[in-house]
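Work through the exercises below with the model open beside you. Try each task before reading its solution.

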Amino acid sequence: MKKITSFAGACLLLAGAAVAQDWPSDPIRYANFMPEGFTTSLIDQYVVDEIAARTDGAVKIEIFHGGALGGPGEMIELVGSGAVVTCPPSVPRS
């Protein structure tokens with residue numbers, strides 16, 4: 001069982017490296033309606049920095065804080081229209 005788990009982990013690691021290498025150069029656009037210094041925004045920034053570090057900068061994520069692209073009720077529409085790729089979970093609908 002230990003060998004299977006190690007093999008599966010190695011496969012995932014190699015697949016992740018291949019995916020990061022082939023990632024498009026366009027950044028992922030992330031809309032966040034919370035202020036930049038808010039706790040969850042700081043966590044978001046940490047995750048973005050870790051992804052950049054672990055992919056050697058191949059995967060870039062651009063965060064728009066403080067409702068720069070829209071308020072809480074507009075997040076779902078932003079994703080649906082393709083203006084952004086993702087937004088915070090549990091977004092209230094207006």
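**Exercise 1. Find the accessible surface of the protein chain, and the share of carbon and sulfur atoms in it.**

Solution. The accessible surface comes to about 6600 Å². Carbon and sulfur atoms hold 65% of that surface. Areas come from the Shrake-Rupley method with a 1.4 Å probe, and for residues only the protein chains shown count as cover. This is a predicted model: local features need pLDDT of at least 70, side-chain atom pairs count only at pLDDT 80 or more, and totals for chains, interfaces and linings use all residues. Residues are numbered from 1 along each chain as its sequence is written, and side-chain values use heavy atoms, leaving out hydrogens and water.

**Exercise 2. Judge the confidence of the chain and of residues 9–14.**

Solution. Start with the mean pLDDT (the predictor's confidence in each residue, from 0 to 100), which is 78 for the protein chain. A value of 70 or more is reached by 70% of its residues. Then take residues 9–14: their pLDDT stays under 50. The model has 0 contacts (heavy atoms within 4.5 Å) beyond four places in sequence for residues 9–14.

**Exercise 3. Write the order of helices and strands along the sequence.**

Solution. Count the elements: 3 helices and 2 strands. Both are DSSP runs, numbered from the N terminus: helices are H or I with at least four residues, strands E with at least two. Read along the sequence, the pattern is α-β-α-β-α.

**Exercise 4. Identify the largest nonpolar core and the contacts of L78.**

Solution. The core consists of 5 residues: A31, M75, L78, V84 and C87. A core joins buried Ala, Val, Leu, Ile, Met, Phe, Trp, Tyr and Cys residues through side-chain atoms within 4.5 Å. Buried means under 20% relative accessible area, exposed over 50%, partly exposed in between (1.4 Å probe, protein chains only). Of the 94 residues in the chain, 21% are buried. Now set aside neighbours of L78 within four places in sequence: L78 contacts A31, L69, G70, A83 and V84.

**Exercise 5. Place A68 and D56, and classify each as buried or exposed.**

Solution. A68 lies in the loop between β2 (61–64) and α3 (75–81). A68 counts as exposed because its relative accessibility is 57%. Its C-alpha atom is 7.3 Å from that of F33, 35 residues away along the chain. D56 sits in the loop between α2 (39–54) and β2. D56 has 76% relative accessible area, so D56 is exposed. D56 is not a glycine, yet its phi is positive, about 55 degrees.
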